Amino acid sequence: MNHYGDKFKKGFTLIELLVVIAIIAVLAVVVVLTLNPAELLKQSRDSGRLSDLSTLKTAVSLYLTDVLNPNLASSTPGYTGCYLSFISGNATTTAKCGVFVGGGTTVNASTTSLLYRKVDSTGWVPVNFSQLSAGTPFGSLPADPLNNAAYYYAYVATATSTFEIDAFIESKKYNASGTADAVSTDGGDSTSTYETGNNLKL
């Protein structure tokens with residue numbers, strides 16, 4: 001009878017298995033702490049915000065060059081109005097246009113969920129993008145990923161064809177002094193928002 005192979009049939013001991021499990025647990029905790037899923041979600045939303053505002057800026061700029069008599073504001077609050085991406089009544093809107101330094105700004109937000117993303121000047125941006133000769137660049141107006149009282153988009157324009165669009169940034173990466181700082185490097189005058197447009201001093 002051959003017992004030669006029996007001495008090589010060894011398994012892991014309980015101690016070895018526990019050590020391996022402990023090492024895997026420590027590595028998992030380190031990975032979770034390093035990646036920080038909550039911060040990654042914030043960065044993802046901020047990336048969307050930057051993309052949305054870039055698209056809006058391009059659309060408004062195209063509107064200014066393409067339409068014969070462009071109108072950047074509605075007839076109600078007009079050029080003293082600040083337009084917000086969230087629905088009126090969604091939150092307390094007093095002083096929400098404080099992101100703009102211009103005096104006399106008032107709040108104007110769309111009143112219904114059916115209207116606030118329309119591209120025909122009845123949405124939260126009061127520009128009639130359907131007048132563009134090539135057609136509207138998007139099916140509906142973008143809105144902030146959270147779109148609440150703390151995170152929203154804001155738009156203001158002047159009668160001299162200048163405009164500014166702002167967004168609030170929530171991640172460390174895109175905020176002031178972050179590795180991809182979009183707030184203090186945008187050329188605007190606000191230290192709390194990302195600003196874009198053709199006049200960042202409104």
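The points below walk through a predicted model of a single chain, from its overall make-up to individual residues.

1. Overall make-up. The chain contains two helices and five strands, and read from the N terminus these elements follow the order α-α-β-β-β-β-β. Of the 202 residues in the chain, 36% are buried, while the surface that the chain exposes comes to about 11,300 Å², with carbon and sulfur atoms supplying 60% of it. When contacts are restricted to residues at least 6 apart in sequence, 60% of them join residues at least 24 apart.

2. Helix 1 and its end. Helix 1 covers residues 14-35, which makes 22 residues, and the distance from its first C-alpha to its last is 32 Å, close to the 32 Å expected at 1.5 Å a residue. The residue that follows helix 1 is Asn36, and its phi is positive, near 50 degrees. As background, most residues other than glycine have a negative phi.

3. A nonpolar patch on the surface. Ile15, Val19, Ile23 and Leu27 together form a nonpolar surface patch, with about 400 Å² of accessible area between them. One of these residues, Val19, is found in helix 1, and with a relative accessible area of 45% Val19 counts as partly exposed. For the spacing of such residues it helps to recall that an α-helix has 3.6 residues a turn, so residues three or four places apart point the same way.

4. Strand 4, enclosed by its surroundings. Strand 4 (residues 163-168) deserves attention because six of its six residues are buried, so that the strand is largely enclosed by the rest of the structure. In a regular strand the side chains alternate between the two faces of the sheet. In strand 4 both faces are covered, with Phe163, Ile165 and Ala167 buried on one side, and Glu164, Asp166 and Phe168 buried on the other.

5. The partners of strand 4. Strand 3 (residues 153-157) runs antiparallel to strand 4 and is joined to it by five bridges; within this pairing, Val156 stands opposite Glu164 of strand 4. Strand 5 (residues 193-197) also pairs with strand 4 in the antiparallel sense, over five bridges, and here Phe168 has Thr193 of strand 5 as its bridge partner.

6. The hairpin turn and a second loop. Strand 3 and strand 4 form a hairpin with five residues between them. Ser161, which sits in the loop between these two strands, has a phi near 65 degrees, a positive value in a residue other than glycine, and is partly exposed at a relative accessible area of 34%. Asn147 likewise is not a glycine and has a positive phi, about 50 degrees; its place is the loop between strand 2 and strand 3, and Asn147 is buried, with a relative accessible area of 11%.

7. A network of salt bridges. The structure holds four salt bridges, and Arg45, Asp46, Arg49, Asp144 and Glu170 are linked in a network of such bridges. Which residue forms a salt bridge with Arg45 at 2.6 Å between the closest N and O atoms? The partner is Glu170, and this pair links distant parts of the chain, since Glu170 lies in the loop between strand 4 and strand 5 and Arg45 in helix 2 (residues 37-66), 125 residues apart. Glu170 is buried at a relative accessible area of 12%, whereas Arg45 counts as partly exposed at 23%.

8. Arg49 within the network. The side chains of Arg49 and Asp144 meet in a salt bridge with an N to O distance of 2.5 Å; Arg49 lies in helix 2 and Asp144 in the loop between strand 2 (106-109) and strand 3, so this pair ties together parts that are 95 residues apart in sequence. Arg49 also meets Glu170 in a salt bridge, at 3.0 Å from N to O, and because Glu170 is in the loop between strand 4 and strand 5 while Arg49 is in helix 2, the pair ties together parts that are 121 residues apart in sequence. Are these residues buried or exposed, to judge from Glu170 and Arg49? Both Glu170 and Arg49 are buried; Arg49 has a relative accessible area of 0%, and Asp144, with 4%, is buried as well.

Note on methods:
Residues are numbered from 1 along each chain as its sequence is written. This is a predicted model: local features need pLDDT of at least 70, side-chain atom pairs count only at pLDDT 80 or more; totals for chains, interfaces and linings use all residues. Side-chain values use heavy atoms; hydrogens and water are left out. Helices (H or I, at least four residues) and strands (E, at least two) are DSSP runs, numbered from the N terminus. Buried means under 20% relative accessible area, exposed over 50%, partly exposed in between (1.4 Å probe, protein chains only). Contact means heavy atoms within 4.5 Å. Accessible areas come from the Shrake-Rupley method with a 1.4 Å probe; for residues, only the protein chains shown count as cover. The expected span of a helix is 1.5 Å times one less than its number of residues. Patches are made of residues with over 30% relative accessible area and no salt bridge: like charges are joined within 9 Å, nonpolar side chains (Val, Leu, Ile, Met, Phe, Trp, Tyr) within 5 Å. Two strands pair if DSSP finds at least two bridges between them.
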